[in-house]
Amino acid sequence: THADALILATDIDTDVLSVAEKGLYPADTAAKLDEAKRRRLALTPAADGRVAVGSNLKTMLRFRQLNILHDWPFSGPFQAIFCRNMLIYFD
């Protein structure tokens, strides 16, 4: 499968990664997106009132565990690195 971009999403918590990898979101959250974004994400109805992200987006994503205090289990090059809610754990 060809993707124009590859996104590596990391977290230390494997449970969080497992939930994210499923690509399921509450339908009411998806309803807040405009129609163009819903089409681009290829959202489809899923079980228990949620929506699923389309396979076109899923092929671009990789979910891996990462503890930044240990060795990185993967190598770059990376074009961009975004850190969210990470620096709060450091003095």
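**Pockets and a small sheet**

Strand 1 gives the lining of the largest pocket its largest share, five residues; helices (H or I, at least four residues) and strands (E, at least two) are DSSP runs, numbered from the N terminus. You're looking at a predicted model, where local features need pLDDT of at least 70, side-chain atom pairs count only at pLDDT 80 or more, and totals for chains, interfaces and linings use all residues. Residues are numbered from 1 along each chain as its sequence is written, and side-chain values use heavy atoms, with hydrogens and water left out.

**Largest pocket**
- A pocket is an open set of points on a 1 Å grid over the protein atoms alone, where a 1.4 Å probe fits, with protein on both sides within 12 Å along at least five of seven lines; lining residues have an atom within 4 Å of a point.
- The largest pocket's volume, meaning the space filled by probe spheres set on the points (joined across faces, edges and corners), is about 1400 Å³.
- Its lining has 32 residues, with Leu8, Ala9, Thr10, Asp11 and Phe82 nearest the centre.
- That lining splits into 23 nonpolar, five polar and four charged residues. Ala, Val, Leu, Ile, Met, Phe, Trp, Tyr, Cys and Pro count as nonpolar, Asp, Glu, Lys and Arg as charged, and the others, Gly among them, as polar.

**Sheet**
- Three strands make an open sheet in the order 2-4-3, with antiparallel pairing; two strands pair if DSSP finds at least two bridges between them.
- Strand 2 (24-26) and strand 3 (44-45) sit at the edges with a single partner strand each, so one side of each has no neighbour in the sheet.
- Tyrosine 25 has valine 51 in strand 4 as its bridge partner.
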